[in-house]
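Q: Could you zoom in on one part of this model for me? I'd like a close look at how its charged side chains pair up.

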Amino acid sequence: MLRFLAMGGYARYVWPCYVLTAAVVGLNVHWARSALRAAQAEARRRLASLKAAS
Amino acid sequence: MAWVWFHRFGSPPHFYRVAGRLTPWFAWPAALLCLGGLIGGLVLAPPDYQQGDGFRIIYVHAPAAWLSLMVYVVMASSAAVGLIWRMTVAHAVAASCAAIGASFTAVALATGMLWGRPMWGTYWEWDPRLTSELLLLFLYLGYMGLRNSIDDIGRADRASAVLAIVGVVNVPIIHYSVTWWNSLHQAPSVMKFGRPTMPAAMLVPLLLMLAGFTAYFVALLLLRSRGELLRRERNARWIAEALAATATG
């Protein structure tokens, strides 16, 4: 396991690449889901206020 | 038949509904393909005879670089469709591409720098491939900045579409930079005419990662485009039905 983590002496270059990529992959999903939820909540609020006004 | 499909997909309520259904069909295969690619690339593939285990950076660097180019082509094509046919969905798709493309261009540059340090002895060199990829990041940032600087969404769509279409000239320059000029960067090993130069044990995980990242991008783009469409079509009647369907489904 330690040999695998050492990556033949390239651990300090290999693992930051994987961590950075995983973070960007995860953050993109988080941002997209949050933006969709926020847009849905905003649309619901608008519809509710229109209904109340009528 | 193709035109009927094109026009139906251009309808915001139809796109919103279909995109919602399609997202998991791309997200799950993306996760499985990337899992297979990671196991193959990090565990099963043998070390490179020159670069040792350092070459394993390729399994995140190449897919990120692939996305940086593909996302730009999708963004410019959607922007062109939006500009020519005045299609809201196409503009929403183009606008949704920018942040995804910019983030993966940054990943491609950062992982390339981390790979370059042990192999070339430097993090950065003003090399044709690196410089044109950096220009791509600036194009994405310029596109996003231009959109944000214009309040009227219609004008923002048209102006940013022109920038995206003009900037597409950089895509073949990036791809062929390693063959047109002397470059520190290695020549293409997968996307080239004839046989790839990698052995199957290294190539198959890379192809899995490339396919996984592509599927991930499609799922992400569908998700982002739905949010973007809701934001743009805030006064449309179909939104009440779409939200009711979301609440029940």
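A: Here's a walk from the overall chain down to the charged pairs. First, some housekeeping: residues are numbered from 1 along each chain as its sequence is written, and chains are lettered from A and ligands numbered from 1 in the order in which they are written. This is a predicted model, where local features need pLDDT of at least 70, side-chain atom pairs count only at pLDDT 80 or more, and totals for chains, interfaces and linings use all residues, while side-chain values use heavy atoms and leave out hydrogens and water.

Chain B has nine helices and zero strands (DSSP runs, numbered from the N terminus: H or I of at least four residues for a helix, E of at least two for a strand). Its radius of gyration is 20 Å, close to the 18 Å that the globule rule gives for 249 residues, so chain B is as compact as a globular protein of that length. That radius is taken over C-alpha atoms, and the globule rule is 2.2 Å times the number of residues to the power 0.38. Of the 249 residues of chain B, 49% count as buried (under 20% relative accessible area, with exposed over 50% and partly exposed in between, using a 1.4 Å probe and protein chains only).

Now for the charges. Side chains of opposite charge can pair when their charged atoms come close. A salt bridge here is a side-chain nitrogen of Lys or Arg within 4 Å of a carboxyl oxygen of Asp or Glu, and that rule gives six of them over all chains.

One of these joins D53(B) and R56(B), with the closest N and O atoms 2.7 Å apart. D53(B) counts as buried because its relative accessibility is 15%, and R56(B) does too, at 4%.

The residue to keep your eye on is D157(B). It forms a salt bridge with R147(B), with the closest N and O atoms 2.6 Å apart. That pair links distant parts of the chain: D157(B) sits in helix α6 and R147(B) in helix α5 (residues 128–149) of chain B, ten residues apart. Both D157(B) and R147(B) are buried.

D157(B) also pairs with R232(B), whose closest N and O atoms are 2.9 Å apart. This time the partners are 75 residues apart, with R232(B) in helix α8 (residues 200–232) and D157(B) in helix α6 of chain B. R232(B) is buried at 15% relative accessibility, and D157(B) at 5%. Through shared partners, salt bridges join R147(B), D157(B), E228(B), R231(B) and R232(B) into one network.
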